[in-house]
Each structure stands twice: as C-alpha cells, then as structure tokens.
Amino acid sequence: MFAYSFAMWPLRPWLIGSHPVLLEVLTGTQTAMTVGGAAARVGETPLLIAFAAGVFGMMKFAWVFWWAGRLWGSNIVGLLTGPPGPVAEAARTAPGSPAETSGGASDVGAATPEAEAGPGVSGPPGGAGARNRKLVAAAVVLAPLPLVPGPLAFASAGWVGMGLWAFLGLNAVGAAVWTGMFTLLGYAIGQPAVDLAETITDHAIWVSLAVIAGMFLLRAVQNRRAAVNT
C-alpha cells in the first residue's frame, strides 16, 4: 500500500488536468478534489460524481489498517507509533517495572498471560472500555485532519474491537465532510482551477521528473541523518 502511494506521485501531474476524477479515486488528495469540483463547475463532470470519487479515494485503504489492528492489536499500533524513546525504554526495563518483573518470573518458570497466549497477540487497552471506544471513534471521524494520525486511528479501531461496518460508517462521515469542503472550494473557483490543472498537465513530464528527483533527494537526506545519529 505504501509502495502504491509512492507510485502515484509521478502520475499526479499527468492526471490532474486531464482526468481529475480518476485522480481522486486513485489518490484521494485535496488537490484532486478541488480540481474535480472545478471540473464540475465548468460542466466536465457531475458534481455528485466528483464528490463520490473523493470519498472513495480517501476510504479505499482505511479498512486495511482496521484489519491489521484486528489481527495484530498492539503490535501494529506500536509499529505505527514507532519505537519507544530512551526514557520510556529505561522505565520499562527499570527494576520493579512490569517488564522487569515478568522477565524475572520467566527465569524461574512462571509464564505470563501474554506468553501463554502466544506471540503477536495482545488485548485492547484497558479492556476496551467505553471511554477508549469513544476516543477511537472520534479519531476515526477526525482522521482527515492534518494533525490526526489516520492509520493509527484506524488500526486502534480494529484493536478495540470496533465492527467493520461501524468503522466504515464513521470513516465515511469524516471523508464526506472533508471531501465536501474541497469539492465545493473547487466548484467556487471554477475555470481558473481547471486552467491551472491543465497547465500542470501540459508540463507533466518536467513536474514528474522534479517529483521523482525530490523523492530521491529526501530519501538521501533521511539516510544521511540516520547515519549521523547512529
């Protein structure tokens, strides 16, 4: 799925001016939604189609994270949040901590519930109480917002036992509101947005090459920083 997302980056300049609705389906980006709404304003596509394409584009991979949370619980949540910091790791392994205690017990043959359950299996936080479920439900709805980690919210929904249809319903509410905002923005702008998108498509080969070069440069900088930190 992540490979798919990276593969779509060079294609965006080619599709933004010629097939914005298709780009909405493939990427679910705000830019595609805005141009889709503008295309509806000038009569190139029905407004409802532009709106539905954006909603589908935003939701098409959400169920994957929900499923991962249902299958692997805290393991996938931990993967999405990253490794613990040095302070958290020190607290986890400090004498008298639960991890240290369980480690000591295992030396004398005592098995923990997690060990009996097998690797990779863990229950939801706090027994999946009502408060946790409400927080996760709110996070699923608010997932389109820039500061809300959508994949983490979706995986947490599966972790706490939220049903698939309930998850899709909440996800659809957030996606519909977000898509509606940008589609209507594009509809209000109209022809200028269409003209700009078509200009980008006319120069798509150069824009695509610049995007690819930028991706490789960003990756090189990240690798160099990682090497320096280690």
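This is a short talk that walks through one predicted protein model, from the whole chain down to single residues.

Hi everyone, and thanks for coming. A little housekeeping before we start. This is a predicted model, in which local features need pLDDT of at least 70, side-chain atom pairs count only at pLDDT 80 or more, and totals for chains, interfaces and linings use all residues. Residues are numbered from 1 along each chain as its sequence is written, and side-chain values use heavy atoms, with hydrogens and water left out.

Let me begin with the whole chain. The secondary structure comes to 15 helices and 0 strands; helices (H or I, at least four residues) and strands (E, at least two) are DSSP runs, numbered from the N terminus. The chain has 230 residues, and 32% of them are buried. By buried I mean under 20% relative accessible area, while exposed is over 50% and partly exposed is in between, with a 1.4 Å probe and protein chains only. The accessible surface is about 13,600 Å², and carbon and sulfur atoms own 71% of that; these areas come from the Shrake-Rupley method with a 1.4 Å probe, and for residues only the protein chains shown count as cover. Now for contacts, meaning heavy atoms within 4.5 Å. Of those with a separation of 6 or more, 75% are between residues 24 or more positions apart.

How confident is the predictor? The score here is pLDDT, the predictor's confidence in each residue, from 0 to 100. Its mean over the chain is 76, and 74% of residues reach 70 or more. Among the elements, helix 5 (residues 47–59) has the highest mean, 94, and helix 10 (residues 113–117) the lowest, 41. Please be careful with residues 85–122, where pLDDT stays under 50 and the model has 20 contacts beyond four places in sequence. Where pLDDT is low, the predicted coordinates should not be read in detail.

Let's go inside. A nonpolar core is a set of buried Ala, Val, Leu, Ile, Met, Phe, Trp, Tyr and Cys residues joined through side-chain atoms within 4.5 Å. The largest one has 13 residues, and the members touching the most others are Val 136, Val 140, Phe 154, Ala 157, Met 162 and Phe 167. Helix 6 (62–72), helix 11 (130–141) and helix 12 (150–159) each supply at least two residues of this core. Which residues does Val 140 contact, leaving aside its neighbours within four places in sequence? They are Ala 153, Phe 154, Ala 157, Phe 167, Leu 170 and Asn 171. Apart from the largest core lies another, of 6 residues, including Leu 15, Leu 23, Ala 32 and Val 35.

Now some individual helices. In helix 12, 8 of the 10 residues are buried, so this helix is largely enclosed by the rest of the structure. Trp 159 is found in helix 12, and it counts as buried because its relative accessible area is 18%. Along the sequence Trp 159 is 94 residues from Phe 65, yet their C-alpha atoms are 10.0 Å apart. Gly 161 follows helix 12 and has a positive phi, near 90°.

Phe 65 brings us to helix 6, whose buried residues are Ala 62, Phe 65, Trp 66, Ala 68 and Gly 69. They sit on the same side of helix 6, because they cover an arc of only 160° around the axis; that arc is taken over the directions from the helix axis to the C-beta atoms. Just after helix 6, Gly 73 has a positive phi of about 55°.

Helix 4 (residues 30–41) is largely enclosed too, because 9 of its 12 residues are buried. The span expected of a helix is 1.5 Å times one less than its number of residues. For helix 4 that gives 16 Å, and its end C-alpha atoms are 17 Å apart, which agrees. Gly 43, just after helix 4, takes a positive phi of about 85°.

Last stop, the beginning of the chain. Trp 14 lies in helix 2 (residues 12–16). Is Trp 14 buried or partly exposed? Trp 14 is partly exposed, because its relative accessible area is 41%. Its C-alpha is 7.8 Å from that of Ile 200, 186 residues away in sequence. Gly 17, in the loop between helix 2 and helix 3 (20–27), is buried at 16%. Gly 17 and Glu 198 are 181 residues apart along the chain, and 4.0 Å separates their C-alpha atoms.

That's my tour, thank you!
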